[in-house]
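Here is a look around one protein, told in plain words. Keep the 3D view open while you read, and find each residue as it comes up.

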Amino acid sequence: CVAGAFARAPRSGSVIAVVPGVPAGDAGWEGRETSPAAFAAAPTVAPPGYPHAPAEIVIRTHLPTSGAAGEGAMSRNHVNVLSSDVVVALPGGPGTLSELRLARAYGRPAVAFLGETGTVAGLRTEGELGAHV
């Protein structure tokens, strides 16, 4: 994983994980995109698999949405972008695209390292990002 490679490299930064929150108990991870208001009132825990192993600093949130809903008010992507000096995008999907859109909206510099075959779904047709990425 990218975070693991960064953790093993000579560096001066830290591996930071901004962790989504899901309701404690039986509610689980399902439905987080369709009913975020219900999540806001419930005590939350990190979903299975979070935080990822290389994380050195963990920021736990109550924010459940991500992916295609990554620009919404209940997304942790705002924390990711606003706490970054530069947004670095690697090949990804709708969540990566939403982070690039938020970087543009908040005036944060962004760079995409996609290689010869990598993509961010929707990036090539995303006219509003244009030269800003």
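Let's start with a charged pair: Glu 71 and Arg 101 form a salt bridge, and their closest N and O atoms are 3.0 Å apart. Glu 71 sits in the loop between strand 4 and helix 3, while Arg 101 belongs to helix 4, so this pair ties together parts that are 30 residues apart in sequence. Keep in mind that you're looking at a predicted model.

Are these two partners buried or exposed? Neither label quite fits: Glu 71 has 34% relative accessibility, so it counts as partly exposed. Arg 101 is also partly exposed, with a relative accessibility of 25%.

**The other salt bridge**

The structure holds two salt bridges. The other pairing joins Arg 11 to Glu 56, with 2.5 Å between the closest N and O atoms. Here Arg 11 is in the loop between helix 1 and strand 1, and Glu 56 is in the loop between strand 3 (44-45) and strand 4, so the bridge connects parts 45 residues apart in sequence. Arg 11 is partly exposed, at a relative accessible area of 29%, and Glu 56 is partly exposed too, at 45%.

**The overall layout**

Time to zoom out. The protein has four helices and six strands. Walking along from the N terminus, you meet them in the order α-β-β-α-β-β-α-β-α-β. Of the 133 residues in the protein, 32% are buried.

**A busy loop**

Go back to the loop between strand 4 and helix 3, because Thr 65 is also found there and is buried, with a relative accessible area of just 3%. What does the side chain of Thr 65 reach? One partner is the backbone oxygen of Met 74, at 2.8 Å. Another is the backbone nitrogen of Ser 75, at 3.1 Å.

Gly 67 lies in that loop as well. Unlike Thr 65, which is buried, Gly 67 counts as partly exposed, at 23% relative accessibility.

**Far along the chain, but how far in space?**

Gly 67 is a handy example of how the chain folds back on itself in the model, and its partner is listed below with two other pairs. The distances run from C-alpha to C-alpha.

| Pair | Apart along the chain | C-alpha distance |
|---|---|---|
| Gly 67 and Leu 97 | 30 residues | 8.5 Å |
| Pro 94 and Gly 122 | 28 residues | 7.6 Å |
| Gly 118 and Leu 90 | 28 residues | 7.8 Å |

Two residues from the table deserve a closer look. Pro 94 lies in helix 4 and is partly exposed, with a relative accessible area of 47%. Gly 118 is in the segment after strand 6 (110-112). Why does Gly 118 count as buried? The cut-off for buried is under 20% relative accessible area, and Gly 118 has 12% relative accessibility, so it counts as buried.

**The nonpolar core**

Now for the inside. The largest nonpolar core has eleven residues: Val 81, Val 87, Ala 89, Leu 97, Leu 100, Leu 102, Ala 103, Ala 110, Leu 114, Val 120 and Leu 123. Which elements supply at least two residues each? Those are strand 5 and helix 4. Helix 4 gives the most, with four residues. Helix 4 is also the home of Arg 101, the salt-bridge partner you met at the start.

**The largest pocket**

Last stop: the largest pocket, with a volume of about 1,400 Å³. How many residues line this pocket? There are 35, and the ones nearest its centre are Ala 3, Ile 16, Asn 80, Val 88 and Glu 99. The elements that give two or more residues to the lining are helix 1 (2-8), strand 1 (16-19), helix 3 (77-82), strand 5 (87-89) and helix 4 (94-106). Sorted by kind, the lining has 20 nonpolar residues, twelve polar ones and three charged ones.

So which elements should you remember? Strand 5 and helix 4 each supply at least two residues of the largest nonpolar core, and both are also among the elements that give two or more residues to the pocket lining.

Conventions. Residues numbered from 1 in each chain as written. Predicted model: local features only at pLDDT ≥ 70, side-chain atom pairs only at ≥ 80, totals over all residues. Heavy atoms only, no water. 1 Å grid on protein atoms, 1.4 Å probe; cavity = no way out; pocket = protein on both sides within 12 Å on 5 of 7 lines; lining within 4 Å. Points joined across faces, edges and corners; volume = space filled by probe spheres on them. Nonpolar A, V, L, I, M, F, W, Y, C, P; charged D, E, K, R; others polar. Buried < 20%, exposed > 50% of the residue type's maximum accessible area, 1.4 Å probe, protein only. Polar contact = N/O pair within 3.5 Å; in protein donor to acceptor, adjacent residues only side chain to side chain. Salt bridge = Lys/Arg side-chain N within 4 Å of Asp/Glu carboxyl O. Core = buried A, V, L, I, M, F, W, Y, C linked by side-chain atoms within 4.5 Å.
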